[in-house]
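Dear colleague,

I am passing on the structure below, together with notes on what came out of going through it. Please read the notes with the coordinates open beside you.

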Amino acid sequence: MENKKQDTASALKDIISHAKEYGFVFPSSEIYDGLQAVYDYGQNGVELKNNLKMVWWKAMTMLNDNVVGIDASIFMHPLIWKASGHVDSFNDPMIDNKDSKKRYRADTLLEDRAAQYEAEGKAEVGKALLQKMAKALDAGDLEAVRQIIIDENITCPISNTANWTEVRQFNLMFSTQVGAVSEDASLIYLRPETAQGIFVNFLNVQKTGRMKVPFGIAQIGKAFRNEIVARNFIFRMREFEQMEMQFFVRPGTEMEWYAAWKEVRMKFHQAIGLPASKLKFHDHEKLAHYANAAVDIEYEFPFGFKEMEGIHSRTDFDLKAHQDLSRKKQQYFDPEINENYIPYVVETSVGADRLFLAILCNAYTEEIVGEGDQQKQRIYLNLHPAIAPIKVAVLPLVKKDGLAEKAQEISRSLKFAFNTTYDEGGAIGKRYTRQDLIGTPYCVVIDYQTMEDDTVTVRDRNTMSQERISIADLKEKLGYAVSMERIFEKLLV
């Protein structure tokens, strides 16, 4: 069995094609020629995404006694976004190529060049470039950013020219109106992040839950950004989902908690099946206005190492800003030190869609099986059993002689424990292949021996090995193998 090395340029194309063909991700509004940077999750995609959200949620709220969850609304008072800085400074620096008429994020062009330097063994050169860019952006010197792009001889990949326009800032928030009639309507925004819903509920949760600092509030929810440059499939979209946790700590302890959550979050990604070799930390050279430390967990997508999750030490910026603008105190009385203070915050924020894409890219496997003239290509999704869309497929060897009825009986007995499918159509080999292509970890085959001794064959997706198991033991053995407990065990080591 030999794994096939894929060309990185074609790898993403293959994954996108696979995602559509097998019900994971569809272009949104496709019958009307689609809508750029918006996607729909299909029947298998929604199961995989829901499993990822559930394992994140439980890892946060069930495994940590001091983390609870909320679900804040998408529409919020517009002054929230004034206090958070989004109205004034939620911008991306954009640059156009005059020849191709294509638009790019200026910072992304420079980050990609820095990554190129690092891949060539010139990490210090890349770091110096990022520092130079951060200095220019911090100073608001967009002409300097343009000059760095020119000095680096960065060209448009389409026109192959460096005929760049000036760099301009674009605010990323979507605005809309709320009100019964248009003349009385008020301007509000679709939230560009979920964090602010947590901050404005800080005291509600703290008081009603009798929470003591340190404690965290977790949330999963939709966010919206008017991305001018959206590419790489679902990596950057205009409508996306965030899984965030804001951890409130005593001032002066934030760096200890920042370091601790960095390690916890890296451990999580490895526990759900992402290999350590494809994950790395990337410290921010340019810090956001609210942060005193920030790092990304990057995954090596087919288009390079890119951010999947951010861990930020946000100081007391958010709570203090809301206290100042709302004139409502956002302080916590700490009985251990007999003192009132505004807590500092350590944030973990992972994009559900980016995590989905990382898992899909990592799981997509092409290999050559067989020997000599019998060699053929095999494709399967090597998903962790706990997050696979379907856990078990029940397959009668043939539809006659009572095998189909026996298989349906077994399928019914399993489906209350975990997501199970029944398939009796076509040759058994083709049915195996169908399940491999969507990542089903186990196939249970009912054959003539089943009718004699109440045993079935369980086929493993990855190894294609088969094991004979008693029907009476089936639910317990498969349930153990596909349980999220297998992930949680790794997190608690």
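A residue is called buried here if its relative accessible area is under 20%. Please also bear in mind that this is a predicted model.

With that cut-off in hand, strand β20 (residues 392-396) is a good place to begin, since five of its five residues are buried. In a regular strand the side chains alternate between the two faces of the sheet. In β20 both faces are covered, with V392, V394 and P396 buried on one side and A393 and L395 buried on the other. The strand has parallel partners, being joined by three bridges to strand β21 (residues 420-422) and by five bridges to strand β22 (residues 442-446). To find these pairings in the model, you can look for A393, whose bridge partner in β21 is T421, and for P396, whose bridge partner in β22 is I446.

How does the chain cross from β20 to β21, and which hand does the crossover have? The path runs through helix α13 (residues 403-414), and the resulting β-α-β crossover is right-handed. Helix α13 has 12 residues and reaches 17 Å from its first C-alpha to its last, which is close to the 16 Å expected at 1.5 Å a residue. Its buried residues are L403, A404, K406, A407, I410, S411 and L414. Because these buried residues cover an arc of only 160 degrees around the axis, they lie on the same side of α13.

A second strand that is mostly covered is β5 (residues 91-96), in which five of the six residues are buried. Here the pairing is antiparallel: four bridges join β5 to strand β7 (residues 168-171), where Q169 is the bridge partner of P93, and three bridges join β5 to strand β6 (residues 103-105), where Y104 is the bridge partner of I95. Strands β5 and β6 form a hairpin with six residues between the strands, and in this hairpin K101 takes a positive phi near 65 degrees.

Turning to the aromatic side chains, the structure holds 15 aromatic pairs. One of them is formed by F199 and F248, whose ring centres are 6.3 Å apart and whose planes stand at 85 degrees, so the pair is edge-to-face. This pair links distant parts of the chain, as F199 belongs to helix α8 (residues 195-199) and F248 to strand β11 (residues 239-249), 49 residues apart. F199 is buried, with a relative accessible area of 0%, and F248 likewise counts as buried at 0%.

Another pair, F202 and F215, is stacked, with 6.0 Å from centre to centre and 10 degrees between the planes. It too links distant parts of the chain, with F202 in helix α9 (residues 202-208) and F215 in strand β10 (residues 215-224), 13 residues apart. F202 has a relative accessibility of 0% and therefore counts as buried, and the value of 0% for F215 puts that residue in the buried class as well. F199, F202, F215 and F248 form one aromatic cluster.

Finally, there are two arginines to look at beside tyrosine rings. The charged end of R459 sits over the ring of Y432, 4.3 Å from its centre, while the charged end of R486 sits over the ring of Y480, 3.5 Å from its centre.

With best regards

Conventions. Residues are numbered from 1 along each chain as its sequence is written. This is a predicted model: local features need pLDDT of at least 70, side-chain atom pairs count only at pLDDT 80 or more; totals for chains, interfaces and linings use all residues. Side-chain values use heavy atoms; hydrogens and water are left out. Rings of Phe, Tyr and Trp (its six-membered ring) pair if their centres lie within 6.5 Å; planes under 30 degrees apart count as stacked, over 60 as edge-to-face and the rest as tilted. Helices (H or I, at least four residues) and strands (E, at least two) are DSSP runs, numbered from the N terminus. Buried means under 20% relative accessible area, exposed over 50%, partly exposed in between (1.4 Å probe, protein chains only). A charge sits over a ring if NZ of Lys or CZ of Arg is within 6 Å of the ring centre and within 35 degrees of the ring normal. Two strands pair if DSSP finds at least two bridges between them. A crossover is right-handed if, with the strands pointing away from the viewer, the path from the first strand over the helix to the second runs clockwise. The expected span of a helix is 1.5 Å times one less than its number of residues. The arc is that of the directions from the helix axis to the C-beta atoms.
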